[in-house]
Amino acid sequence: MKALMQDLRYGLRMLLKRPGFTLIAVLTLALGIGANTTIFSFVNAILLRPLPYKNADQLVVPISFNPARNSDDASITYADYLDWQNEGIFEHVAALNLLSAADLTSGNDEPERVRVAAVSEDYFAVMGSEALVGRTFREDDYNPPGPARGLIITYGLWQRRFGGDPDIINQKIYLNGRPYPVIGVMAKDSTWPEDRDVFAPLAVGPNPGPDLLRRDNMVF
């Protein structure tokens, strides 16, 4: 122990005698520690920490690939979606369509630009998530036509825009000037993608046209 203390005192004297070298050494250590911390945080978030969804290890994202289109994006065709839904390969199959942003108001207040996703009926079953307040979509929510259809909002939007109002259910909100009742609020971190604010029913109808059923028509 005595020898260690002597070495530490000697090292400290040498560092004080050469402040330029000391500064470089400290900066090098700081950069090394910072880089390692950043890399570990990234690996922990992407690879080590489990996803915040129920049975996350069972979630898969299938894609359609058509060589004739030379497409390598993650879209799928509606025909493939129907096949996966009907063939019993998966317990639940859901489709997701990221819509354009919309202006949201709740009356005469200032509009807020929100991000909307249209989802099929099994979406919340696939995510293993239930509404924190209200309910998720039912079969009758997918019957056209529209303004009476309800919308589901995320926990973040509920807190940010409505202050966590417990009476939010059935209140009217307006997307691009059209009124919709709020039927549900999702729990925090229970939906994907994380940047969505509002979920609407993805209603195709009982008789999709021939264009929608083409194998080269990437729609989701």
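Visitor: Leaving aside neighbours within four places in sequence, which residues is Phe162 in contact with?
Guide: This is a predicted model. Phe162 is one of the buried residues of helix 5. Setting aside neighbours within four places in sequence, its contacts are Leu104, Ser106, Ile153, Leu157, Ile168 and Ile173.

Visitor: Which residues of the largest nonpolar core touch the most other members?
Guide: Nonpolar side chains tend to be buried together in soluble globular proteins. The largest nonpolar core here has 18 residues. Those touching the most other members are Leu104, Ile153, Phe162, Ile168, Leu175 and Val198.

Visitor: Which elements give two or more residues to this core?
Guide: One helix number appears in the list, helix 5, and Phe162 of that helix is buried. The elements giving two or more residues are strand 2 (102–105), strand 6, helix 5, strand 7, strand 8 and strand 9.

Visitor: How many residues are in the second, separate core?
Guide: Its members include Val119, Tyr123, Met127 and Phe137. This core is separate from the largest one, and its residue count is 12.

Visitor: Within what arc do the buried residues of helix 5 fall?
Guide: Leu157, Trp158 and Phe162 are buried in helix 5. Looking down the helix axis, the buried residues line one face, because they fall within an arc of 100 degrees.

Visitor: What phi does Gly163 take?
Guide: Gly163 comes just after helix 5. Its phi is positive, at about 60 degrees.

Visitor: Which residues of helix 3 are buried?
Guide: Helix 3 covers residues 78–86. Just after it, Gly88 has a positive phi of about 75 degrees. The buried residues of helix 3 are Tyr78, Ala79, Asp80, Tyr81 and Trp84.

Visitor: Is Val114 buried or exposed?
Guide: Val114 sits in strand 3 (residues 112–114). Buried means under 20% relative accessible area. Val114 has 0%, so the residue is buried.

Visitor: What distance separates the C-alpha atoms of Val114 and Asp103?
Guide: Beyond four places in sequence, Val114 touches residues including Ala101, Ala102 and Leu104. Asp103 is 11 residues from Val114 along the chain. Their C-alpha atoms are separated by 6.2 Å.

Visitor: Which residues does Thr154 touch, not counting those up to four places away in sequence?
Guide: Thr154 lies in the loop between strand 6 (151–153) and helix 5. At 7% relative accessible area, Thr154 is buried. Its contacts beyond four places are Val185, Met186, Thr191, Arg196, Asp197 and Phe199.

Visitor: Is Asn170 buried or exposed?
Guide: Asn170 is in the loop between helix 5 (155–162) and strand 7 (172–175). Its phi is positive, near 75 degrees. Most residues other than glycine have a negative phi. The relative accessible area of Asn170 is 57%, so this residue is exposed.

Visitor: What is the phi of Asn176?
Guide: Asn176 belongs to the loop between strand 7 and strand 8. Its relative accessibility is 51%, and exposed means over 50%. So Asn176 counts as exposed. Its phi is positive in a residue other than glycine, near 50 degrees.

Visitor: Which residues does a cis peptide bond join?
Guide: Most peptide bonds are trans. In the loop between strand 8 (178–186) and strand 9 (198–201) we find Pro193. Omega is about 0 degrees for the cis bond, which joins Trp192 and Pro193.

Conventions. Residues numbered from 1 in each chain as written. Predicted model: local features only at pLDDT ≥ 70, side-chain atom pairs only at ≥ 80, totals over all residues. Heavy atoms only, no water. Buried < 20%, exposed > 50% of the residue type's maximum accessible area, 1.4 Å probe, protein only. Helix = DSSP H or I, 4+ residues; strand = E, 2+ residues; numbered from the N terminus. Arc of directions from axis to C-beta. Contact = heavy atoms within 4.5 Å. Core = buried A, V, L, I, M, F, W, Y, C linked by side-chain atoms within 4.5 Å.
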